[in-house]
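Here is a quick walk through one chain, from its overall make-up down to a few residues worth a look. Have the viewer open and follow along.

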Amino acid sequence: MARKSITGLTRKGEIWHINKVYNGKLIRESTQTSSREEAERLLIHRLEQLREQNLYGVRQVRTWREAATRYLEEYKDQPSIALTATYLEQLDQFIGDLPLTHVDDESLARFIEYKQDDHILPSGRESHAASNRTINIALERVIRILNVAQRKWRDEQKRPWLDVVPMISKLSEKGGRKPYPLDWEEQKHLFKELPDHLQKMCLYKVNTGCREQEVCKLQWSYEIKVPELDTSVFLIPEEFGGRTEKSGVKNREVRVVILNDVAKSVIDGQRGKDEVWVFPYKGEPLNRINDSGWRNARVRAAEAWEKAKGTPAHPGFASVRVHDLKHTFGRRLKAANVATEDRKNLLGHKIKDVTELYSSAEIESLIKAANKVSATDSRSPVLTILKMNHLNGSRTKVA
C-alpha cells in the first residue's frame, strides 16, 4: 500500500512551502528545499514544535517575517516607515523564513552581495549597485528590529522573542562620495543647462540651503510677511510632508527659511503661477529635483566646462548632487565669515532657542548674513576651495 502524503505542502517553482493550519495557528513558510521528502520531515518537525509549545510551554520560534510585520504595524506612524517597508521587502527574500535566532552576518551576506551588484528588478527595471551607506541603512533596520524583539516583545509566558541580539557588522563608509560645493563658475555652467523650472528651484535652493523636498513642496500658505522689513519668510511646519505624507522637516521642528535678495527675487517671480505651490510644474509639485533634467544638465555642463577650459571637469562637478547645493550655501556662508550660530539658523539646523527667530531684529540680522552670498556670479564673496584633481592627484585652488 502506497504511503499517504502529508497535507499542507505546496510547490512554488522548485521549492516546497508549508501552508497548514494546526490548532488554530497558520504555518506559512518556505522549506527551502525541492525535495518532497525533506519538506515533509521539516513539516513534521514544525508540527512537533507547536505540539510541545502547547503542552509544555516550549518557546515559539519566531521568524524574521513575523518580527518585520509586527514592527511595520507598531511603528506605522514613523516618518520614515515607507522607506523602512521598502528595505524590509528587499530583505524578506533572503531572511524572511529564518528564525530570529538565525539572523546574523552569515545569513545577511547574500542580501549584501545582491545589493552590491547590478540586477534586474521584478518590474523589469534595472537596479544599479547600492552604496555602502545605502546597504548600512537596511542593516540598521535589522539591528533595530532585533533589539525591539529582545527588549520589548514578549510571548504568553513573558519571555522575550529573542534572548541575545547578535553583533551585526556594517560596511565601511570610508572613501564614499564627499560633498562637492560648487564654485561660482561651476554654478554658472550648471544652471545654464538646467530647464527653466529647475533653474529657478535650484537658484532658490543654493541661496536658502533648503532641502530638496522643502523646495519641491513649498506652499504659499507657509509665507509670513514681515512688513517692517519689506520682506517675508517661510515657516515650514514640523508636520510638513515631503515625498510621503509621513515625512517631515528634519529634527521635527519648524523650519524658518530666510530669503536673501536672490531668493526673494525668485519667489517674487513665482507669484501668480499657482494658488498653492510656489514651484508648480504643469499644475503639480515635482516629486524631486534630481530627475532626468538634472542629470542630463550636469553631463552637458561638464562637457561645456571641458570645451571652455580645455581640461576635463572635476569628477565631483560631473556627478554633482542636488544636496550639494545646500553644501554650497553653507560653504559660502563660512567663506563670508558668517557666524556659526547664524549659519546653523540659515541652514535649518537644530538650535537651542527657535523662538528668537520670530523677532524682526533677528530676521533682519539673518537677512544681512544671507545677503553676503546673494551674488549670482563670481563677484562676491571670494570663495577659496582646495579641490583634489582626480586626474593627476594634485590640488587646485578654485576661487
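## Buried or not: Trp220

A residue is called buried when its relative accessible area is under 20%, exposed when that area is over 50%, and partly exposed in between. With that in hand, take Trp220: its relative accessible area is 14%, so Trp220 is buried. Keep in mind that this is a predicted model.

Trp220 sits in the loop between α8 (212–216) and β6 (223–226). What does Trp220 contact once its neighbours within four places in sequence are left aside? The list is Phe234, Ile267, Gln270, Arg271, Asp274, Glu275, Val276, Trp277 and Val278. One of these contacts, Glu275, is 55 residues from Trp220 along the chain, and the C-alpha atoms of the two are separated by 7.3 Å.

## The chain as a whole

Stepping back, the chain has 14 helices and twelve strands. It runs to 399 residues, and 43% of them count as buried. As for contacts between residues at least 6 apart in sequence, 61% join residues at least 24 apart.

## Helix α7 against helix α9

Two of the contacts of Trp220, Ile267 and Gln270, also turn up in a helix pair. Helix α7 (residues 196–208) packs against helix α9 (residues 261–270) at an angle of about 145°, and their axes are 8 Å apart. The crossing of α7 past α9 is left-handed.

Which residues of α7 and α9 meet? From α7 come Lys200, Leu203, Tyr204, Asn207 and Thr208, and from α9 come Val262, Ala263, Val266, Ile267 and Gln270. Sorted by type, the residues of this contact are six nonpolar, three polar and one charged.

## Rings and charges

Now for the aromatics: the structure holds seven aromatic pairs. In one of them, Tyr71 and Tyr75 are stacked, at 4.4 Å centre to centre with 25° between the planes. Planes under 30 degrees apart count as stacked, so the 25° between Tyr71 and Tyr75 earns that label. Both partners are buried: Tyr71 has a relative accessible area of 5%, and Tyr75 has 15%. Elsewhere, ring pairs join Phe94, Phe111 and Tyr114 into a cluster.

Two tryptophan rings have a charge sitting over them. The charged end of Arg36 is over the ring of Trp16, 4.8 Å from its centre. For Trp305, the partner is Lys309, with its charged end over the ring and 5.2 Å from the centre.

## His189 in helix α6

Trp305 comes back in the surroundings of His189. You'll find His189 in helix α6 (residues 184–193). Is His189 buried or exposed? Its relative accessibility is 16%, and the cut-off for buried is under 20%, so His189 counts as buried. Setting aside residues within four places in sequence, His189 contacts Ala301, Ala304, Trp305, Ala308 and Phe317.

## Gln116 and Met167

Next, a couple of loop residues. Gln116 lies in the loop between α4 (105–115) and β4 (119–120). Its relative accessibility of 37% makes Gln116 partly exposed, because that class covers values between 20% and 50%. Not counting residues up to four places away in sequence, Gln116 touches Ala129, Asn132, Ile135 and Leu171. For Ile135, 19 residues from Gln116 along the chain, the two C-alpha atoms are separated by 8.3 Å.

Met167 is in the loop between α5 (132–151) and α6. At 76% relative accessibility, Met167 counts as exposed. Its C-alpha atom and that of Asp104 are separated by 7.4 Å, with their positions 63 residues apart along the chain.

## Positive phi without glycine

Finally, two backbone oddities to click on. Gln32 is not a glycine, yet it has a positive phi of about 60°. Its place is in the loop between β3 (25–30) and α1 (36–56), and Gln32 is exposed, with a relative accessible area of 54%.

Asn337 also has a positive phi of about 60° without being a glycine. Look for Asn337 in the loop between α12 (324–335) and α13 (340–347). Here the relative accessibility is 67%, so Asn337 counts as exposed.

How values were computed
Residues are numbered from 1 along each chain as its sequence is written. This is a predicted model: local features need pLDDT of at least 70, side-chain atom pairs count only at pLDDT 80 or more; totals for chains, interfaces and linings use all residues. Side-chain values use heavy atoms; hydrogens and water are left out. Rings of Phe, Tyr and Trp (its six-membered ring) pair if their centres lie within 6.5 Å; planes under 30 degrees apart count as stacked, over 60 as edge-to-face and the rest as tilted. Buried means under 20% relative accessible area, exposed over 50%, partly exposed in between (1.4 Å probe, protein chains only). A charge sits over a ring if NZ of Lys or CZ of Arg is within 6 Å of the ring centre and within 35 degrees of the ring normal. Axes are lines fitted to C-alpha atoms, for helices over the stretch in contact, and angles run from 0 to 180 degrees between N-to-C directions. Helices (H or I, at least four residues) and strands (E, at least two) are DSSP runs, numbered from the N terminus. A crossing is left-handed if the near helix is turned anticlockwise from the far one by less than a right angle, and right-handed if clockwise. Contact means heavy atoms within 4.5 Å. Ala, Val, Leu, Ile, Met, Phe, Trp, Tyr, Cys and Pro count as nonpolar, Asp, Glu, Lys and Arg as charged, and the others, Gly among them, as polar.
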